[in-house]
Amino acid sequence: MKIAIMTDSNSGITQSQAKELGLYVLPMPFTIDGKDYFEDINLTQKEFYEKLREGSDISTSQPSPEAVTDMWDMLLKEYDQVVHIPMSSGLSGSFQTARMLSEDYEGKVEVVNNQRISVTQRQSVLDAKKLAENGMDAGQIREKLEKEKFESSIYITVDTLKYLKKGGRITPAAAALGTLLRIKPVLQIQGEKLDSFAKARTMKQAKSIMITAISHDMEERFKDPKGERLHLQIAHTENEEAALDLKREIQELFPATGEIVVAPLSLSVSCHIGPGSLAIACSKVID
């Protein structure tokens, strides 16, 4: 069977990368100062951060039902089945909408409740592609990915509290105090939600907290302290130089792991945390 693997731009996979990999990426919609944009279609990372710094009114939404079904219909002209991997159901309603729409496709479209975002979602998409190449059908791929969905971790530190306050994730008073004390919060995503994890006073200390946390997960959760059966990843928001430095540091700590992917965080996440962030992630290798 010919299986199409589809995701959304929250995975961090660009349209050009999707073409190279034989994947399909649904762009996430944004409204900026009343005008509609689509990530990586008519909105670049550079343009997004310029508008963010200018104080533009930015809001995100899930893709329209028509955008989802139009892509499925297009793919089903060429493929027998579609595996669709949207962002975590705990962070957006995209999954619930897509699952409901898929009921009309009589098993030809399988929507994965993957509980992932950014680089870990990207890895799930690559895993799905490999599973399809190894002969699994869409239903088997969905079952496999959902079985492994919590086998990942992301830790993020932000450079400013401004955007967490703007999005209502922290109170104005907490943001003011945190800014005064120069606190760099460390957040975590393990499964459904973005949660507070720890507080640091400097970016250096925040990086140390994240490295310790990911090392603990590797040893205790995944029983793989060397990272031999784990994908390690670095993500950032307009902070590539620091991300590459962190990659070198992680590679020295865990030389047994494979290539460490460095990628920008998707803009749907970036609008809530702002520029200057760093993230460390890992996900278990799927057999």
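1. Ala-213 is found in helix α9, where helices (H or I, at least four residues) and strands (E, at least two) are DSSP runs numbered from the N terminus. Ala-213 counts as buried because its relative accessibility is 6%; buried means under 20% relative accessible area, exposed over 50%, and partly exposed in between, with a 1.4 Å probe and protein chains only. The C-alpha atoms of Ala-213 and Ser-153 are separated by 9.4 Å, although the two residues are 60 residues apart along the chain.

2. The basis of these remarks is as follows. This is a predicted model, in which local features need pLDDT of at least 70 and side-chain atom pairs count only at pLDDT 80 or more, whereas totals for chains, interfaces and linings use all residues. Residues are numbered from 1 along each chain as its sequence is written, and side-chain values use heavy atoms, with hydrogens and water left out.

3. Helix α5 (residues 118–133) deserves attention at two residues, beginning with Ser-118. The phi of Ser-118 is near 60°, a positive value in a residue other than glycine. Most residues other than glycine have a negative phi. Ser-118 counts as buried, with 2% relative accessibility. Asp-127 is found in helix α5 as well, and at 9% relative accessibility it too counts as buried. From Asp-127 to Leu-278 the C-alpha to C-alpha separation is 24 Å, with their positions 151 residues apart in sequence.

4. Glu-238 also merits a check of its backbone, since its phi is positive, at about 50°, although it is not a glycine. Glu-238 is found in the loop between β11 (230–236) and α10 (240–253). With a relative accessibility of 37%, Glu-238 counts as partly exposed.

5. The model contains 12 salt bridges, a salt bridge being a side-chain nitrogen of Lys or Arg within 4 Å of a carboxyl oxygen of Asp or Glu. One of them joins the side chains of Glu-78 and Lys-2 at 3.8 Å, N to O. This pair links distant parts of the chain, 76 residues apart: Glu-78 is in the loop between α3 (65–75) and β6 (81–85), and Lys-2 is in the segment before β1 (3–8). Glu-78 is partly exposed at 47% relative accessible area, and Lys-2 is partly exposed at 41%.

6. Glu-146 and Arg-99 form a salt bridge whose closest N and O atoms are 3.2 Å apart. The pair connects helix α6 (residues 138–147), which holds Glu-146, to helix α4 (residues 94–102), which holds Arg-99, across 47 residues. Arg-99 is partly exposed, its relative accessible area being 29%. Arg-99, Glu-110, Arg-142 and Glu-146 are linked in a network of salt bridges. Within this network, Glu-110 lies in strand β7 (residues 109–111) and is buried, with a relative accessible area of 17%. The side chains of Glu-110 and Arg-142 are joined by a polar contact of 2.7 Å. Such a contact is a pair of N or O atoms within 3.5 Å; within protein, one must be able to donate a hydrogen and the other to accept it, and residues adjacent in sequence count only if both atoms are side-chain atoms.

7. A further salt bridge is made by the side chains of Lys-207 and Glu-249 (3.7 Å, N to O). Lys-207 is in helix α9 (residues 203–221) and Glu-249 is in helix α10, 42 residues apart. Glu-249 counts as partly exposed, with 33% relative accessibility.

8. Which side chain of opposite charge is nearest to Asp-224, which is buried yet has no salt bridge? It is Arg-229, at 6.3 Å; here Lys and Arg count as positive and Asp and Glu as negative, while His and the chain ends are not counted. Asp-224 lies in the loop between α9 and β11. The side chain of Asp-224 reaches the backbone nitrogen of Glu-228 at 3.0 Å.

9. On the surface, Asp-33, Glu-47, Glu-50, Glu-54 and Asp-57 gather in a patch of negative charge. Residues of a patch have over 30% relative accessible area and no salt bridge; like charges are joined within 9 Å, and nonpolar side chains (Val, Leu, Ile, Met, Phe, Trp, Tyr) within 5 Å. The place of a charge is taken as NZ of Lys, CZ of Arg, CG of Asp or CD of Glu, and accessible areas come from the Shrake-Rupley method with a 1.4 Å probe, only the protein chains shown counting as cover for residues. Asp-33 sits in the loop between β3 (29–32) and β4 (35–38) and is exposed, with a relative accessible area of 53%.
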